[in-house]
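User: I would like to go through this structure step by step, starting with the chain as a whole and then turning to the ligand.

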Amino acid sequence: MGGKVYLVGAGPGDYRLITLKGLKCIKRADVILYDRLINPKLLKYAKDTAEIIYVGKAPNAHSYSQEEISQLILEKALKGNVVTRLKGGDPFVFGRGGEEALLLRENDVKFEIVPGITSAISVPAYAGIPVTHRNISSSFHIITGHEDPLKEDSSLNFESLAKLRGTLIFLMGIKNIKNICNSLIKYGQESNRPVAVIRRGTTAEQEMLKGTLETIAKKVEEVNFKNPAIIIVGEVTSLADTLSWFDKKPLFSRRILVTRTRTQASKLSERIEDLGGEAVEFPTIKIIESDDHGNIDEAMAQIEKYQWIIFTSVNGVKFFFHRMKKAGFDIRLLKDAKLCAIGPATAKELESRGFIVDYIPREYRAEAIIEELRGKVRPGDNILLPRADIARRILEDELAKLGANVDNIHIYKTIIPDYEREKLINLFKDRKIDMITFTSSSTVSNFYKILGEKNLHLLKDIRIAVIGPITAQTAKDLGMVPDIEAKEYTIDGLVDAILEYY
Ligand code: SAH
């Protein structure tokens, strides 16, 4: 049985520019082959069991030739796999997707093409350049810049190209920019025709240089402007002065490390990205079901006796109900218990399960909560606290002082996930990070353990942002003094503080 191949365009860099269909192909693939220009964030959507193969060029590593890649796709498909071949931009725009499809057809392997957003149009768009514009440009032309126009056997005819008044877009042309511009001038284009070059468009590293056919090559050389970059020749490039928008976003070009769990990172990452920054995810904690079975089962068995259940985190809620279900207890047993949720996100998690939360403290620190609960909790009340194994004891101790009977159950555990210390170190060495965010004390202490004390000096020029005073204290104790502390101890509060800082 043959498999099936999807040749998928993954878009120009911003991973959110993939199509719904492309994303589906990533999710269903048994094997994924991807190129250098693919945003690795897309691979997060792959199945855990998917085989993921990098076929791009990398320094000191075997790089695959086009023939080898095509063969590999074929081979994987013939074994019956669903294969998703991820290509930058659109697979048929200078992507050699046609060659891969031809080999599949020859071997009777089924395939589908999923077009993508090509860099040729989207990179200008992110820089505020419309490739066509009424009265300015009524066509655009996408041209390979890979060939040196001065070569005898060049397949490009610059004499004809130079007659085009529309927007000329050269891909892969940085190396040949001088000859490209000179050839256009030679065959009649004005030497002051405006040109823009944009590298790593749609990403946090987007950069643009502007000039004219006469001046741009020198500018590119002076700043050593590197690939991947596109060259846009035409009057529309002037519109960037008024229409540029992406580089105006408040967190544009900032790379911010997110240390939360893989599953919890998305909210913070999304907010950073919506504001134009790049969220670099490096989880320093992982949350798993607790093995404290005895206590949990005992509490569940007499769940009706509690006057209060105090949830201190979203995870507490999730694991508590997961456990109830697993143990075969109906949530209607909770009808008499008052529910307290610490923090708006915890309350929201309960509400999404159909509960109306009885009490949300105004402040989220244990010390302040106790003050607020005084008068609400009566002596003799039974209180259940489903929390993490590492939670601070202060809440239960203080509740006990109010005369309550407190059952603290460790409903989940936090551990350090599998990690690669080298990868973390390299993020700092390559200057790939501007700021680190910590959303709990355990993210701080685990980060410290993973990085290693002797590497702390790498954080010298890196900003540190924390969610609240307790996390701040943990960071200080470990020699990482925070630059930014959220006023409201939530993810939104943290993002607001970061925005204010920048
Ligand atoms: N199939 C791709 C193009 C592959 S050729 C597409 O449709 O976009 C590779 C060339 O694309 C690079 O040399 C560069 O010219 C251009 N390119 C791709 N991504 C880019 C980006 N984010 N910013 C600028 N140029 C990019």
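User: How many helices and how many strands are there in the chain?
Analyst: This is a predicted model, so the counts describe a prediction. Both kinds of element occur in the chain, and the numbers are 18 helices and 20 strands.

User: What percentage of the residues in the chain count as buried?
Analyst: A residue counts as buried when its relative accessible area is under 20%. Applied to the 502 residues of the chain, this cut-off gives a buried share of 52%.

User: How far apart do the centres of the positive and negative side chains lie?
Analyst: The chain carries 72 positive side chains and 68 negative ones. When the centre of each set is taken, the distance between the two centres is 1 Å.

User: Which residue has a side chain with an N or O atom 2.8 Å from an oxygen atom of the ligand?
Analyst: The ligand is surrounded by 19 residues, and among the closest are Val93, Ser119 and Met172. A backbone N or O atom of Val93 lies 2.7 Å from a nitrogen atom of the ligand, and for Asp90 a backbone N or O atom lies 2.8 Å from a ligand nitrogen. The contact you ask about instead involves a side chain and a ligand oxygen, and it belongs to Thr118.

User: What percentage of the area that the ligand exposes when taken alone does the protein bury?
Analyst: Taken alone, the ligand exposes 550 Å². Helix H4 (119-126) and strand S10 (229-233) each give two or more residues to the shell around the ligand. Of the area exposed by the ligand alone, the protein buries 91%.

Terms used. Residues are numbered from 1 along each chain as its sequence is written. This is a predicted model: local features need pLDDT of at least 70, side-chain atom pairs count only at pLDDT 80 or more; totals for chains, interfaces and linings use all residues. Side-chain values use heavy atoms; hydrogens and water are left out. Helices (H or I, at least four residues) and strands (E, at least two) are DSSP runs, numbered from the N terminus. Buried means under 20% relative accessible area, exposed over 50%, partly exposed in between (1.4 Å probe, protein chains only). Lys and Arg count as positive and Asp and Glu as negative; His and the chain ends are not counted. The place of a charge is taken as NZ of Lys, CZ of Arg, CG of Asp or CD of Glu. A residue is near a molecule or strand if one of its heavy atoms lies within 4 Å of it. A polar contact is a pair of N or O atoms within 3.5 Å; within protein, one must be able to donate a hydrogen and the other to accept it, and residues adjacent in sequence count only if both atoms are side-chain atoms. Accessible areas come from the Shrake-Rupley method with a 1.4 Å probe; for residues, only the protein chains shown count as cover.
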